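The following exercises concern one molecular model. Please work through each task before reading its solution.

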Amino acid sequence: MIPVIDLSPALGGDAAARLRVGQEIDRTCREIGFFTITGHGVPPAVMDALRDTAKAFFALPLEEKLRARHPVPGTPRGYIALGVEALSRGNAWATPPDLKEYYHYGRESWPDEPYWTSAEGRRYFLPNLWPERPAGFAAAADAYYRAMEHLTVELMRIAALGLGIDEHFFDNKLDRHITAMRLNHYPEQAEPPAPGQLRAGAHTDYGLLTILNGEDVPGGLQVQTRGGAWLDVATHPADFVVNIGDLLMRWTNDRWFSNLHRVVNPPDSLAARSRRLSIAYFQHPNYDALIECIAPPGEAKYPPVLSGAYRDEKYRQTRVKEPAA
Ligand SMILES: O=C(O)CCC(=O)C(=O)O
Ligand SMILES: [Fe+2]
């Protein structure tokens, strides 16, 4: 089992509790890079509303879902059908496409200022593409996005304490973040998967923290242990699973571990009727934040990199094909 960390003492504001929870996070991020959080303070109604809305969307006929596809292939907004992405290609392995469909969205509105509206800003702040149905999709998605913004800023402050740096070190690199979210739907499998084909192939995430809410059903998440074995990660709908992405691994000079994970297929006997939904918030800093390794002078393992350029490159690698526009 991955560690379970109760955030409530830290979110209560007690300095000693914040440091202690930060140190727990440091310990697990050095070892496996995954942990479950409870006591996170996100209202269950916010989580339930988005889960129910997402299920209603994925249950629509394919033609209708395809109407929420972005007209420019590869744009990280809107509906992406089965067969378009293989996550493991971000890590340079050739595998068949993932057995999932998903809906990609980001921030719903932003100030009328150059950071957001300049040519560069418009590469990261793209209008969302809400389908006509179900009603209330945008509202449920935006409420969830805002709850995650709040949670991740707090988590990064507690994380900073665990890293032994100033609690507010990350604040001004996250205050205009380019985080995108994905609603992942792993449908029932009428046909057996191709050899090597999974719901989501083994991959690492790209950003800082990924905050995942998933259903606890067959055909779920697994993380690789240091010994190379795959460990089941329970995703309970009331909790979140948090993991470290590549950019945070780099930022911490490899102190924290961005670990391989995957989503496996349900067992054959259940495959024809087993579906799973997960909701992922991929925290990513301001596009103009310069990510310089947090390391003593002379010990940085990587040169500085801009947050936005780093993500562009990762997105480019994971697409299997350009869907017809
Ligand atoms: O659905 C899950 O449990 C994990 C999905 C995932 O790892 C991802 O979308 O990056
Ligand atoms: Fe992932």
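**Exercise 1.** What percentages of helix and strand does the chain have over residues 177-285, and how many Å apart are the end C-alpha atoms?

*Solution.* The model is predicted: local features need pLDDT of at least 70, side-chain atom pairs count only at pLDDT 80 or more, and totals for chains, interfaces and linings use all residues. Residues are numbered from 1 along each chain as its sequence is written, while chains are lettered from A and ligands numbered from 1 in the order in which they are written.

Step 1. Helices (H or I, at least four residues) and strands (E, at least two) are DSSP runs, numbered from the N terminus. Over 177-285 the chain is 9% helix and 36% strand.

Step 2. The end C-alpha atoms of this stretch are 5 Å apart.

Step 3. UniProt, in an unreviewed entry, places the feature "domain: Fe2OG dioxygenase" at residues 177-285; such positions are given in the numbering used here, feature names are shortened, and annotations may be inferred rather than shown by experiment.

**Exercise 2.** Identify the strands that supply at least two residues each to the shell around ligand 1, and classify the shell.

*Solution.* Step 1. A residue is near a molecule if its C-beta atom, placed from the backbone, lies within 6 Å of it. Ligand 1 is surrounded by residues including Arg182, Asp205, His261 and Ser278.

Step 2. The strands are S5 (180-186), S7 (209-214), S11 (261-263) and S12 (276-282).

Step 3. The shell divides into 5 nonpolar, 5 polar and 2 charged residues. Here Ala, Val, Leu, Ile, Met, Phe, Trp, Tyr, Cys and Pro count as nonpolar, Asp, Glu, Lys and Arg as charged, and the others, Gly among them, as polar.

**Exercise 3.** Describe how helix H2 (residues 15-31) packs on H7 (residues 137-163).

*Solution.* Step 1. The two axes (lines fitted to C-alpha atoms over the stretch in contact, with angles from 0 to 180 degrees between N-to-C directions) come within 7 Å and cross at roughly 80°.

Step 2. H2 and H7 are therefore roughly perpendicular (65 to 115 degrees; under 35 counts as roughly parallel, over 145 as roughly antiparallel and the rest as oblique).

Step 3. Among the residues in contact (C-beta atoms, placed from the backbone, within 7 Å) are Leu19 and Ile25 of H2 and Ile158 and Leu161 of H7. By class, the contact has 7 nonpolar, 3 polar and 2 charged residues.

**Exercise 4.** Where does the cis peptide bond between arginine 133 and proline 134 lie?

*Solution.* Step 1. Omega of this bond is about -5°.

Step 2. Proline 134 is placed in the loop between helix H6 (119-124) and H7.

Conventions. Two residues are in contact if their C-beta atoms, placed from the backbone, lie within 7 Å.
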